[in-house]
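Me: I'd like to go through this structure with you, one question at a time. Could you have a look?

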Amino acid sequence: MRALLVCFTLLLFASNVVLAQTEEILQPQPERDDPEFIAPVTVDGEELFVVRGSSALPATERAEKIEERITQVAEKSESATVNIQVSEAEFGQLIRADGQMVTITTQADADHEQMDIEVLAGLQAEAIEVAILQYRDARSSEGRVDSALAAVAWTAIFGLVSYFFFTKRKKFLSYIRKQLEKRVETVEEATKSLLRSRAIASIIVYAIHTVMWVLFLFFFYYYLSLVLLSFAETQAIAQVLLKYVSEPLIGIVLAVVGYLPNLIMLAIIAAVTRFVIRGLDLFFENLENGAFQIKDFEAHWIAPTNMLCRALVIVIAVVFAYPYIPGSDSRAFQGLTILAGIMVSLGSNTVVSNMMAGLFVIYRRSTNIGDRIRVGDKVGDVTEIKLMETLIKSIKNEMISIPNAQLLNSEVVNYSRKVDGRGILVHTTVGIGYEEPPKKIQAMLIEAARRTQGLRKTPEPFVLWTQLADYAINYEINAYTSRGSSLPKILSDLHENIVNVFNENSTQIMTPSYIADPPEPKISTEEWDGKLAQNTT
């Protein structure tokens, strides 16, 4: 049973292989356009027709033999006529020129051209006749004179252009520079900008100079090609030179002409986009100047909202313009676009997160320009809110840049924002031993708060017991202030007044490490005379 199953499997596999090979044979084979099977017949740089080859006689060898025969027939005589004969032969249509066999048009050639063999043979005979006559005419005495005159004419034109290019180029560029500097200086005076006329003029003159050199090199290239084209012996070289430059340029021109409708559509989209952006700028400019107002729309939202609207309009314009961009439907362009999108998405995670965080910071109203805030251990006044970062000036007069993503994900304390009419609650804690009367401590702390400038008398300061520690009671003095920007100075003054009040009342502030009560309280009893000890050594 197992043997039968194996035999059946092998038979099925063999049948599939045979069927696949049969289908491959029956299917039409693609045309093989390599030199072994197809090659052009060229005389003096001009292609006459193409011929088919075989494995025994490659197309390139067959084309070379036909070219040699045409050349031999043309060089044997200087007659202005050629006797062309087309007759049937064993392998096709035999073509003779002045009695000499030139080529045989085969059925394979006719199949390749998709026409009757007699018609193809007639066309090839006409091409051979024209090539022979042109070959003789180009090498005749009159042809040599015409070629020499054409070369001299082109050389004279090139010499004249070269003379003006090398002798008048500097004067022309100098004139352009002076005119540009005058115009740019006029623009600077009108707009009061900080542009540098000489720098701008130098850039433009450099660009013009580069374009002039490119045009001169192009002219030299075509001059050389036309001179070579004037002589029969060098026409093949001229054809190669013209092919490498002219064909790409013609292709570019034809592509531009073919894309004119798309370019017109792109111009329309650009004009509409510019018109809409100008309208947005005018709208937000009037909104900023107070010509009209939008309810609950804050002033510092105007600039970022205008920027977002402009970006949205540009994105929509790009989406509409994408199908009309030259080459947008090619796989290379699409692949490059996808690659660019992947690179941007992988490399701009932090950038995008900061931008989105910047929008939240701008529109959620938690922080405004001029507010004093604390982010982590950084305290300062907000000077500018950008799309990527927020700048704050610290109390030490340092400019600190905080990424908006950090600002969004961190705890932000705003000392300038008024939650209610009482202001910010300033507080600090001291530890006092259990032997001291609590009411006395509370009175001293309230007295220190009253002595501190910047702390409000109403609502009155109050004291909280925050902790019953091992050796002391932690008292917290709380007082309101409306001067959030001066908070460090107020807190420093409060600490100084606490120490002064406690020293005046002979009350010791407990240190963090406590061993035993000293016989005398640790307070300052002497007044400082204002002088520091001098080093007499």
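Reply: Sure, here come some questions and answers on salt bridges, helix packing and backbone geometry, with the reminder that this is a predicted model.

Me: Let's start with charges. How many salt bridges does the structure hold?

Reply: One of them pairs Arg 62 with Asp 109, and another pairs Lys 489 with Asp 493. Over the whole structure, the number of salt bridges is 6.

Me: Take the one between Arg 62 and Asp 109. Which helices does the pair link?

Reply: The closest N and O atoms of Arg 62 and Asp 109 are 2.8 Å apart. The pair links distant parts of the chain, 47 residues apart. Arg 62 belongs to the helix of residues 59-76 and Asp 109 to the helix of residues 107-113, so to speak of them by name, they are H2 and H3.

Me: And are Arg 62 and Asp 109 buried or exposed?

Reply: The cut-off to keep in mind is that a residue with under 20% relative accessible area counts as buried. Arg 62 and Asp 109 both fall in that class: they are buried.

Me: What about Lys 489 and Asp 493: how many residues apart are they in helix H14?

Reply: Their side chains meet in a salt bridge, at 2.8 Å from N to O. About one helical turn separates Lys 489 and Asp 493, because their spacing in helix H14 is 4 residues.

Me: Which of those two partners is buried?

Reply: Lys 489 has a relative accessibility of 52%, so Lys 489 counts as exposed. The other partner has a relative accessible area of 17%, under the 20% cut-off for buried. The buried one is therefore Asp 493.

Me: Now Arg 451 and Glu 504. Which helices hold them?

Reply: Arg 451 and Glu 504 form a salt bridge, with N and O 3.1 Å apart. This pair also links distant parts of the chain, with the two positions 53 residues apart. Arg 451 sits in the helix of residues 438-451 and Glu 504 in that of residues 487-504, namely H13 and H14.

Me: Is Glu 504 buried or exposed?

Reply: Its partner Arg 451, at 37% relative accessibility, counts as partly exposed. Glu 504 has a relative accessible area of 52%, and the cut-off for exposed is over 50%. Glu 504 is therefore exposed.

Me: How do the axes of H13 and H14 cross: oblique or roughly antiparallel?

Reply: The axes come within 8 Å and cross at roughly 135 degrees. Roughly antiparallel would need an angle over 145 degrees. H13 and H14 are therefore oblique.

Me: How many nonpolar residues are in the contact of H13 with H14?

Reply: H13 brings residues including Ile 441, Met 444 and Leu 445, and H14 brings residues including Leu 494, Ile 498 and Phe 502. By class, the contact has 3 charged residues and 1 polar one, and the nonpolar ones number 9.

Me: Over to H7 and H8. Which residues of H8 meet H7?

Reply: These helices pack at an angle of about 55 degrees, with axes 4 Å apart. From H7 come Val 256, Val 257 and Gly 258. The residues they meet in H8 are Leu 260, Pro 261 and Leu 263.

Me: Last one, on the backbone. Which residues does the cis peptide bond join?

Reply: Most peptide bonds are trans. Here omega is about -5 degrees, and one partner, Pro 459, lies in the loop between H13 and strand S12. The cis bond joins Thr 458 and Pro 459.

Conventions: Residues are numbered from 1 along each chain as its sequence is written. This is a predicted model: local features need pLDDT of at least 70, side-chain atom pairs count only at pLDDT 80 or more; totals for chains, interfaces and linings use all residues. Side-chain values use heavy atoms; hydrogens and water are left out. A salt bridge is a side-chain nitrogen of Lys or Arg within 4 Å of a carboxyl oxygen of Asp or Glu. Buried means under 20% relative accessible area, exposed over 50%, partly exposed in between (1.4 Å probe, protein chains only). Axes are lines fitted to C-alpha atoms, for helices over the stretch in contact, and angles run from 0 to 180 degrees between N-to-C directions. Angles under 35 degrees count as roughly parallel, over 145 as roughly antiparallel, 65 to 115 as roughly perpendicular and the rest as oblique. Contact means heavy atoms within 4.5 Å. Ala, Val, Leu, Ile, Met, Phe, Trp, Tyr, Cys and Pro count as nonpolar, Asp, Glu, Lys and Arg as charged, and the others, Gly among them, as polar.
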